[in-house]
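The report below considers one helix and then the surroundings of two ligands. Please read it alongside the sequence and the coordinates.

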Amino acid sequence: MSKIALITGITGQDGAYLAEYLIKKGYIVHGMKRRSSLFNTDRIDHLYQCPHQKERKLILHYGDLTDSMNITRMIQEVQPDEIYNLAAMSHVKVSFDTPEYTANADGIGTLRILEAVRLLGLTQKTRIYQASTSELYGLVQEIPQKETTPFYPRSPYAVAKLYAYWITVNYREAYNMHASNGILFNHESPLRGETFVTRKITRAVSRIALGIQDMLFLGNLGAQRDWGHAKDYVRAMYLILQQQEPSDYVIATGITTAVREFVRMAFEELGMEIAFYGEGIDEKGKIVGIDEKLFIEKAGEECLEDAKTLVGKEVVAVDKAYFRPTEVDLLIGDPTKSKTLLGWQPEYDLPALVKDMMRSDVKEVKKITLLKKEGYRVLNYFE
Ligand code: NAP
Ligand code: F7E
């Protein structure tokens, strides 16, 4: 008998990788997706199966974390062995603009799932994974951060996730449920949303190098994050639910890097050297050199002449619109518990992550440059 998993947030970065991973393991995967007036399933289209097909491995349901009746009905229909609660308004900066909605979806949404499992009498059948976050550490009280480090959230997003963290622990203790938190540090991939900083960078660097964008505007270049690859991190989610006892785990690489250095690594992937000068709001990044052989290998000979004209030009600047009212300056995780108890080990390091993201974005931008040549209008997104 195949195990049945229900993934909320299946259309997101992690949902897509997790669905693929679980289907390969023989699971039947049910996914909850929000209704949208346009199709919003790009990340899982390769897994999609027509509803008329027999013995489907992927079944989608409309749903929303803010609607408890809908969640309860869906869990009743699916009778899942495992629930991965990945759905969330996941953008920290946006949460300052939508604090009430964020609290409802990210905080109370988790309660709705736990309570539905309890009311449906599934506490002994259904295991629950809650997508907790390194943002809980916020103004860090200890370096590196581990499971016992006190939390100090610094955004409406993090405060909502703090509620979700503790209500998961509470239901575990009160009702003997197999409910666990994965405290995941930042994880990225070619599927990362375009407004998170790593994807914004790899996308913009590809567009600048291939001549369809002039500038990359960023916020806090000095912020440091412990970045891993989403493919490695969804494996950890699965492992957490396979443990006999529920518990909470930090998933991280143990290495931290500044946003500025991530920009440098992205340009370096294409053989371009960038130097930063100035401070604070006046800091700029200028192209100071190009390794032509590497550029041709990574981006193609046809773009080289245009790329050479970038040498000496400023291509990165700071825009305070991207600053946050309260910032999380430094995150670095200690994954000792997950390595020891789960046997989890990441396969990607940061250079391999940057390479994977750049390869994918350069490929994407090349398609756009072809369309541009055919007269299509190409927008310059600075988000
Ligand atoms: P993501 O790409 O932003 O995906 C979020 C998913 O949640 C999307 O499928 C989105 O649907 C869905 N969603 C948003 N609001 C919803 C609602 N009210 N009802 C139902 N679905 C809703 O996020 P991710 O990077 O995959 O992260 C997955 C989870 O891990 C999130 O809970 C996030 O907060 C948490 N997390 C992420 C990281 C990280 O570095 N990526 C680290 C720690 C924790 P649409 O496609 O319709 O927008
Ligand atoms: O920002 C700085 C920004 O938006 C990273 C979510 O998945 O990971 C993510 O949250 C850092 C911050 O991710 C820009 O100020 C500079 O210090 O990529 P981000 P995040 O806020 O760390 C955690 C673990 C989650 O749980 C969240 O769901 O980069 N930064 N300039 C910028 N950030 C953005 N987005 N855009 C900029 O222009």
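## Helix α6

Helix α6 covers residues 197-209, and because a rise of 1.5 Å a residue is expected, its 13 residues should span 18 Å, which agrees with the 18 Å between its end C-alpha atoms. The expected span is taken as 1.5 Å times one less than the number of residues, and helices (H or I, at least four residues) and strands (E, at least two) are DSSP runs numbered from the N terminus.

Of the 13 residues in α6, 12 are buried, where buried means under 20% relative accessible area with a 1.4 Å probe and protein chains only. Among them are the charged side chains Arg199, Lys200, Arg203 and Arg207, with Ile201, Val205 and Ile208 also on the buried list. After the helix comes Gly211, which has a positive phi near 85°.

## Basis of the values

This is a predicted model, in which local features need pLDDT of at least 70 and side-chain atom pairs count only at pLDDT 80 or more, while totals for chains, interfaces and linings use all residues. Residues are numbered from 1 along each chain as its sequence is written, chains are lettered from A and ligands numbered from 1 in the order in which they are written, and side-chain values use heavy atoms, with hydrogens and water left out.

## Surroundings of ligand 1

Ligand 1 is surrounded by 26 residues, the closest being Thr11, Arg34, Ser90, Tyr101 and Tyr157; a residue counts here if one of its heavy atoms lies within 4 Å. Polar contacts (pairs of N or O atoms within 3.5 Å) link oxygen atoms of the ligand to side-chain atoms of Thr11 at 2.6 Å, Arg34 at 2.7 Å and Tyr157 at 2.6 Å. Alone, ligand 1 exposes 900 Å², of which the protein buries 89%, with areas from the Shrake-Rupley method and a 1.4 Å probe.

The shell comprises 11 nonpolar, 10 polar and five charged residues. At least two residues come from each of α1 (13-24), α4 (99-119), β5 (127-133) and α5 (156-175), and β5 gives the largest share, three residues.

## Surroundings of ligand 2

Around ligand 2 there are 23 residues, of which Ser90, Thr133, Tyr157, Arg324 and Glu327 come nearest. Its oxygen atoms lie 2.8 Å from a side-chain N or O atom of Asn186, 2.6 Å from one of Arg324 and 2.6 Å from one of Glu327. The protein covers 95% of the 700 Å² that ligand 2 has accessible on its own.

Conventions:
Polar contact = N/O pair within 3.5 Å; in protein donor to acceptor, adjacent residues only side chain to side chain. Buried < 20%, exposed > 50% of the residue type's maximum accessible area, 1.4 Å probe, protein only.
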